[in-house]
Amino acid sequence: MPITTWELSGNTGNGSNVFLGTTDAQPIVMKTNNAERMRIDASGNVGVGTATPGAKIGIASAATETAVVASAQQGIAIHATAQNNTGLFATSTSGMGVDARSNSGIGVHAESQTNTGLFTTSSSGMGVDARSNSSIGVQAISQTNTALFAISTSGLGIDARSTQSIAIRATAMTDTGVFATSNSGRGVDGRSTTGVGIFGEGGQYAGYFHGDLMVTGDVLLSGADCAEHFDVVPEERLPGAGTVVVIDKDGQLKESCEAYDRKVAGVVSGAGEYRHAIVLDKKTSDQARVPVALVGKVYCKVDARQEAICVGDLLTSSSTPGHAMKASEPNRSFGAILGKALKPISGKLGLIPVLVTLQ
């Protein structure tokens, strides 16, 4: 005779019961305190807290209870794999869709070959709240598409905070590492109480802004001068950094070769230990161009063989190509001064720092 009920407790009515179905069409039901807790239906679906599991494992909970709690001290708390659909689908109307925590490893590891590794939606809270005490909160890797895509209509697309390490690290081999869009707020809001709010480093540009830039605090630049690019006379040799240049008849630049030349434009920026802090009019051109220091400090080629140069001496163009010299003839100096010497030199050709003072 088939077994229909297995009484696990002698306290009838309040005990724990396992009901084994008498036919293949009947489920296996487990109860405690006369309330169903778990069942396996005829299709092999397992229901926890629900009598009608719609998947291989169906879990339901009360409004204030946690549906699933997964904990792992060393390994993976939840490992979800799907070949052609969603590996893990979690929905919450007012709380967290997924709350994953790990003491020493990864809270959530999501991987997809052809679609989204991790997709989260929240109508009023956070789509993803990822925290790490000593490592990475969120690591997103994509070989051919977007690693991390976040959209917010009224709040923050991504709010990443780190007390000691990197809050967000995004790497892209051929496209954009981080792409942030906001219709009415901030695309990227980077803040740090003691460090750098936003740090950018690039092979071409560390930062590129299409539009106006507003700065409410100081702008600190490590370079020493403000330079502007000018075209160079095509048939002339390209003047190197530190070279004194003059304006030719067409408004282009060439290396100086006359003493007290009133067409002197300045010194080509970038020599010695000084680099330009601000560069104006830098653009793509078929013609050779060089940056000329307009304001600030620049290293300049000088000729001190005929007359020594002291700190504070006014400098002008010399007959030595591309070199400056001390301006010792006031009647010839007007309109030909390029700067003031910041270091002394005597008896030789050399390279010294100069404070640009065109006059």
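1. Cys300 sits opposite Ile352 of strand 16. The two strands behind that match, strand 12 and strand 16, run antiparallel and are joined by seven bridges. (Strands here are DSSP runs of E with at least two residues, numbered from the N terminus; two of them pair if DSSP finds at least two bridges between them.) Keep in mind that this is a predicted model: local features need pLDDT of at least 70 and side-chain atom pairs count only at pLDDT 80 or more, while totals for chains, interfaces and linings use all residues. Residues are numbered from 1 along each chain as its sequence is written, and side-chain values use heavy atoms, with hydrogens and water left out.

2. Strand 12 also pairs with strand 7 (residues 225-231), again antiparallel and with seven bridges. One bridge there puts Ala227 against Ala293 of strand 12. Of the 15 residues in strand 12, 11 are buried, so the rest of the structure largely encloses it. (Buried is under 20% relative accessible area, exposed is over 50%, and partly exposed lies in between, using a 1.4 Å probe and protein chains only.)

3. On to the packing. The largest nonpolar core holds 18 residues, and Cys300, Val302, Ile309, Leu315 and Leu338 have the most contacts inside it. At least two residues each come from strand 8 (244-247), strand 10 (264-267), strand 12 (289-303), strand 15 (337-341) and strand 16 (349-356). Strand 12 gives the largest share, four residues. A second, separate core has seven residues, among them Val232, Val268, Val290 and Val292. (A nonpolar core is a set of buried Ala, Val, Leu, Ile, Met, Phe, Trp, Tyr and Cys residues joined through side-chain atoms within 4.5 Å.)

4. Ile309 deserves a click in the viewer. Beyond its neighbours within four places in sequence, Ile309 is in contact with residues including Val302, Leu315, Met325, Ala341, Ile345 and Ile352. (Contact means heavy atoms within 4.5 Å.)

5. There is also an open sheet of three strands, in the order 9-8-10, paired antiparallel. Strand 9 and strand 10 are the edges, each with a single partner strand, so one side of each has no neighbour in the sheet. From one strand to the next, the twist averages 35 degrees. (Axes are lines fitted to C-alpha atoms, and angles run from 0 to 180 degrees between N-to-C directions.) Strand 8 and strand 10 share three antiparallel bridges, and Val244 has Val267 of strand 10 as its bridge partner.

6. What about Glu255 in strand 9 (residues 253-255)? Glu255 counts as buried, at 19% relative accessibility. The side chains of Glu255 and Arg237 make a polar contact of 3.0 Å. (That is a pair of N or O atoms within 3.5 Å; within protein, one must be able to donate a hydrogen and the other to accept it, and residues adjacent in sequence count only if both atoms are side-chain atoms.)

7. Last, the aromatics: two pairs in total. (Rings of Phe, Tyr and Trp, the latter by its six-membered ring, pair if their centres lie within 6.5 Å; planes under 30 degrees apart are stacked, over 60 edge-to-face, the rest tilted.) Tyr205 and Tyr208 are tilted, at 6.2 Å centre to centre and 40 degrees between planes. Tyr205 is exposed at 51%, and Tyr208 is exposed at 64%. The Tyr274 and Tyr299 pair is tilted too, with centres 4.9 Å apart and planes at 45 degrees. Tyr274, in the loop between strand 10 and strand 11 (276-280), and Tyr299, in strand 12, are 25 residues apart. Tyr274 is buried at 16%, and Tyr299 is buried at 10%.
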